[in-house]
Amino acid sequence: MSVAEILPFFHPADPRTLGYRMMQAGQPGGGAAPNDIPPIQALYMAAASQLQSPITVSAKEEEDTDESLPPSGKDCYGNERQTLGDMARFFNNALLSDIKLRVGFECYSAHKLILVRSSEVFERMFSSEWTDPNKMEVELVEEPECCDVFEAFLKFLYSCHIVLTVENTLPILMLADKYNVSDLRLVCINFATKSIIPKLPLKDVFHVWYQYATKCYHHRLITSCIAALSPKADDIMSLPEWNMEWLALDVEQLTQFLKSSDLTIRNELTLFRALVKWIESPKHPERQSKQKELLQQFIQYIRFPMMTPEQLEYLEKHRVVEQNPEMFVPYLLQAYKFNAVSLEARSSNKDFASSRFLLRNYTDLRWDKRIVLSGYSHFGRLSEVMPRFSTRSSSYPHTSWDWELKIYPKGSSTNNEDFRVVLYSNVVLDLPRPMEYMISMVNNENVLVSVAGKKNFTKSRYTADSDLDKKVSVDELSSPNSRFLVNDNVVLQVMVKPLQ
C-alpha cells in the first residue's frame, strides 16, 4: 500500500500528514523526499523530521496577551511606596517650605500642597477667606496631649506611615478627627479596636474610649467598647463600685448601651430596673423633671417580649408602670401575646421581627439561647461546630435540659451549598420529650429568617434537622456586605417549648 493510499486514514492536521506533504513539496522543515524507503516508514519519518514547538506549563492564570493599545493609551503606574518614601524627606524640611505651623512650643516647616492634599480643613484654612494668603506662619491651638504627638501626625501626611502605641493612639485620632484625615482615622480605629480596647482595664475602656467614641459617634469604636464592657454588664448596672459610672452616663451613651444585643445580663427585668435607677438618680435632679420624656425615649430599647410571664406580671405592679399605664400597656400586651402563641406562630408573624424580639446574652436558665458563630469567613468548607446549651425543663423540681446544635456553616456532606443546623437532645432520654422548636438568624436590628418544627425526642430519635438550609445559602452568607452577617459573625436564636 502506498503513502497516498494511507494518508486518508489520518487527520489533515496530523503532523505526519503535514510533514509528508512538506517533504513531497520540498518545503523547509519537511526534510528530503523519501525515495528509497517504504511508504509507512517514510510517513513516520516525516513527523519526526518536522520542527517541534516548545511546551510551557504555567501555574499562573492565563493573562490577557492582547497587546493592542486603545486609542487613549494604557494606564501605567510607578512605585507608590518609593514615591511616599521620597516625599517623607520633605517633612519638617525648610526646602521649598511655604508655611510654618506653630504648635505649642514647636514650629514645623510644612508645604501647603501636602497639607491640602490630605485635609479639607487645611484646604479651608489656607484659602483667602480664612487667612492672609501671604502669611508665612499659622498657629494651631491643640490640647496638650495632642501637641506631644503632632510631629507624628504631621509626618503621616508626608509618608503615610505612623507608629501607634497604647499611649499615643487616642490623641492622634483626635487630630485625625479635627483635621478630617480619613486615612489616619481609619488606621487609628483599626488599631484601637484590635490591639487596645480588648486588652484595657474596663474602667479605662469606660472612662476613656467609650466616652470619646460616643462623643464623636465612631460606630466601630462604640461597638468595640460595648463588646469589652458587655460581659460585665450586670456588674456595671448593679455593683457599688460601678454606681458612679452608671449614673454618670449621658443620654447617647445609655442609648448605645441599651441597644446592644451583646450585653451579658441576668434578664431583661434587670435592665429595666437599672434604667429606672438612672432616671431617678438623686445626683442628677434634672432628670426627675423630665422623667416621662426620658421614659418615652428609652422604653423602646427594653425588650419586654424577652421577659417571662412571671416577670411581666411583676412589672405590671411596678410603681413607674402604674404611673404611666398609657405608655407601657401596648408593650406589655405585645409581650404577653409573644409568650402565649406557639413557636410556629411566632416564626410566621412579621410583627415579631423587630429589635425588641432579639435575645441578649441572658444568664438566667430560660427556654431560649443566643448563639454566635464568630469569624464566619474563616470557617472551612464542610466544617462543623457543635455548641451546647441548657434550657429550663418541664419537670418538677426544676432541672435543666441539655441540648446541642450541630451547625454546618459552609455546607455539609449532603449539601455543600446551604447553611445547615441540626438540633440534638444531648442526653439519653428515659421518657419521650415532645417539643416544638424555632431557630432564627438575626442581625442587630431584625429577625431575618425563622424556621419552626415539632419533634418527639426519644432515646432513639434525638435529632431534629431544621429547614434553615432552605432559607439561607452559603453564597448569601459569603457575599460582600451580607445582611446575614454582623461584623463577620452569624447570630442564631434557638427557642424551645414543651408541647402540651
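1. At which residue does helix H10 bend, and by about how many degrees? In this model, which is predicted, H10 bends at Trp209, by about 35°.

2. The ends of H10 are worth checking against its length: the helix covers residues 202–216, and its 15 residues, taken at 1.5 Å a residue, should span 21 Å, which agrees with the 20 Å that separates its end C-alpha atoms. Just after H10 comes Tyr217, whose phi is positive, at about 50°.

3. As for its surroundings, the buried residues of H10 are Val205, Phe206, Trp209, Tyr210, Tyr212, Ala213 and Thr214, so that Trp209 is both a buried residue and the site of the bend. The cover over these buried residues includes several helices, namely H8 (169–178), H9 (182–196), H11 (219–229), H13 (240–248) and H14 (251–259).

4. Turning to the sheet, the model has an open sheet of 3 strands, in the order S2-S1-S3 and with mixed pairing. Because S2 (106–110) and S3 (137–140) stand at the edges and each has a single partner strand, one side of each is left without a neighbour in the sheet. From one strand to the next, the twist averages 25°.

5. Strand S1, residues 99–103, runs parallel to S3 and is joined to that strand by 4 bridges, with Leu101 standing opposite Val138 in S3. Helix H7, residues 144–159, packs on the sheet and touches S1, S2 and S3, while the direction of H7 makes about 5° with that of S2.

Definitions and conventions
Residues are numbered from 1 along each chain as its sequence is written. This is a predicted model: local features need pLDDT of at least 70, side-chain atom pairs count only at pLDDT 80 or more; totals for chains, interfaces and linings use all residues. Side-chain values use heavy atoms; hydrogens and water are left out. Two strands pair if DSSP finds at least two bridges between them. Helices (H or I, at least four residues) and strands (E, at least two) are DSSP runs, numbered from the N terminus. Axes are lines fitted to C-alpha atoms, for helices over the stretch in contact, and angles run from 0 to 180 degrees between N-to-C directions. Contact means heavy atoms within 4.5 Å. The expected span of a helix is 1.5 Å times one less than its number of residues. The bend at a residue is the angle between axes fitted to the seven residues ending there and the seven starting there. Buried means under 20% relative accessible area, exposed over 50%, partly exposed in between (1.4 Å probe, protein chains only).
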